[in-house]
Amino acid sequence: MAIRKIITYENDLLRKTSKVVTRFDESLFELLDDMKETLKKSDGVGLAAPQVGVLKRVFVISLNNYYLEVINPVLKKQSGTQKGQEGCLSVPNRSEEVVRPKTVTMEFVDRYNNPVTMTVSDFMARAFCHEFDHLNGILYIDLVK
């Protein structure tokens, strides 16, 4: 595993749409492992592949030292709203208040291409949406009103 460099908001790569993962092989496993290691070192909650310069539909979320690997996510349902502070490893030393759904349901696959459906609320819904936006070239600072 390796620590990867996290690119910041000035880099145009963060504004591009990521591509669907089609190969579930050692290169994907290495990316996921490196992203988890990078996230751990950065003391963040989530990290999307574009943030480490890879335009793939992949993100990792950490909660209490458990890492959830999300590949090819599709937002299936959202409900309610919540408003709260967000920060981002690609937008250092800044946080803003952002409105997000209170509950979201996403379908995705794990590193072995097994399907997963997950419904999350509150802080986890915020984290899922934040990382999902990265895959579509959207930064949380774009949502500040």
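Biologist: Let's start with Glu86 and Arg126: is each of them buried or exposed?

Modeller: In this predicted model, the side chains of Glu86 and Arg126 form a salt bridge, with N and O 2.7 Å apart. The pair links distant parts of the chain, since Glu86 sits in strand E4 and Arg126 in helix H2, 40 residues apart. Despite their charged side chains, Glu86 and Arg126 are each buried.

Biologist: Good to know! Which residue forms a salt bridge with Arg4?

Modeller: The closest N and O atoms of that bridge from Arg4 are 3.0 Å apart, and the partner is Asp34. Arg4 belongs to the segment before H1 and its partner to helix H1, so the bridge ties together parts that are 30 residues apart in sequence. Arg4 is partly exposed because its relative accessible area is 23%. The partner counts as buried because its relative accessibility is 4%, and that partner is Asp34.

Biologist: And Asp25, at a relative accessible area of 18%: buried or exposed?

Modeller: Asp25 forms a salt bridge with Arg23, the closest N and O atoms being 2.7 Å apart. Arg23 is exposed, with a relative accessible area of 59%. For Asp25 the value is 18%, and the cut-off for burial is under 20%. So Asp25 is buried.

Biologist: How many salt bridges does the structure hold?

Modeller: Besides pairs such as Arg4 with Asp34, there is a network of salt bridges that links Asp33, Lys36, Glu69 and Arg111. For the structure, the count of salt bridges is twelve.

Biologist: On to the rings. Are the planes of Phe59 and Phe128 stacked or edge-to-face?

Modeller: The count of aromatic pairs comes to two. In the pair of Phe59 and Phe128, the ring centres are 5.9 Å apart and the planes meet at 80 degrees. Planes over 60 degrees apart fall in one class, so this pair is edge-to-face.

Biologist: Why does that pair tie together distant stretches, and how many residues apart are they in sequence?

Modeller: Phe59 counts as buried at 0% relative accessibility, and Phe128 is buried as well, with a relative accessible area of 0%. Phe59 lies in strand E2 (residues 58–63) and Phe128 in helix H2 (residues 122–135), so the separation in sequence comes to 69 residues.

Biologist: Which element supplies the largest share of the largest nonpolar core?

Modeller: That core has 16 residues, and Phe59, Ile61, Val104, Met106, Phe108, Val120 and Phe128 touch the most other members. At least two residues each come from E2, strand E3 (66–79), strand E6 (103–109) and H2. The largest share is seven residues, and the element that supplies them is H2.

Biologist: How many residues are in the second, separate core?

Modeller: Val104 is a handy place to look first: leaving out residues up to four places away in sequence, its contacts include Leu75, Met118, Val120, Ala125, Phe128 and Cys129. The second core is separate and includes Leu31, Leu32, Leu47 and Val109; its number of residues is 15.

Biologist: What do the buried residues of H1 pack against?

Modeller: Helix H1 (residues 26–42) has 17 residues and spans 24 Å from its first C-alpha to its last, close to the 24 Å expected at 1.5 Å a residue. Its buried residues are Leu28, Phe29, Leu31, Leu32, Asp34, Met35, Thr38 and Leu39. They pack against strand E1 (46–48), E2 and E3.

Biologist: What phi does Asp43 take?

Modeller: Asp43 comes just after H1. Its phi is positive, with a value of about 60 degrees.

Biologist: Through how many residues does the hairpin join E4 to E5?

Modeller: Strand E4 (residues 82–88) and strand E5 (residues 91–100) pair in the antiparallel sense over six bridges. Within this pairing, Gln85 stands opposite Glu97 in E5. The hairpin that joins E4 to E5 runs through a number of residues equal to two.

Biologist: One last query: how far apart are the C-alpha atoms of Ser95 and Gly84?

Modeller: Ser95 is found in strand E5 and is partly exposed, with a relative accessible area of 40%. Leaving aside its neighbours within four places in sequence, Ser95 is in contact with Gln85, Glu86, Gly87 and Tyr140. Ser95 and Gly84 are eleven residues apart along the chain, and their C-alpha atoms are separated by 9.8 Å.

Definitions and conventions:
Residues numbered from 1 in each chain as written. Predicted model: local features only at pLDDT ≥ 70, side-chain atom pairs only at ≥ 80, totals over all residues. Heavy atoms only, no water. Phe/Tyr/Trp six-rings, centres within 6.5 Å; stacked < 30°, edge-to-face > 60°. Helix = DSSP H or I, 4+ residues; strand = E, 2+ residues; numbered from the N terminus. Buried < 20%, exposed > 50% of the residue type's maximum accessible area, 1.4 Å probe, protein only. Core = buried A, V, L, I, M, F, W, Y, C linked by side-chain atoms within 4.5 Å. Contact = heavy atoms within 4.5 Å. Expected span 1.5 Å × (residues − 1). Pairing = 2+ DSSP bridges.
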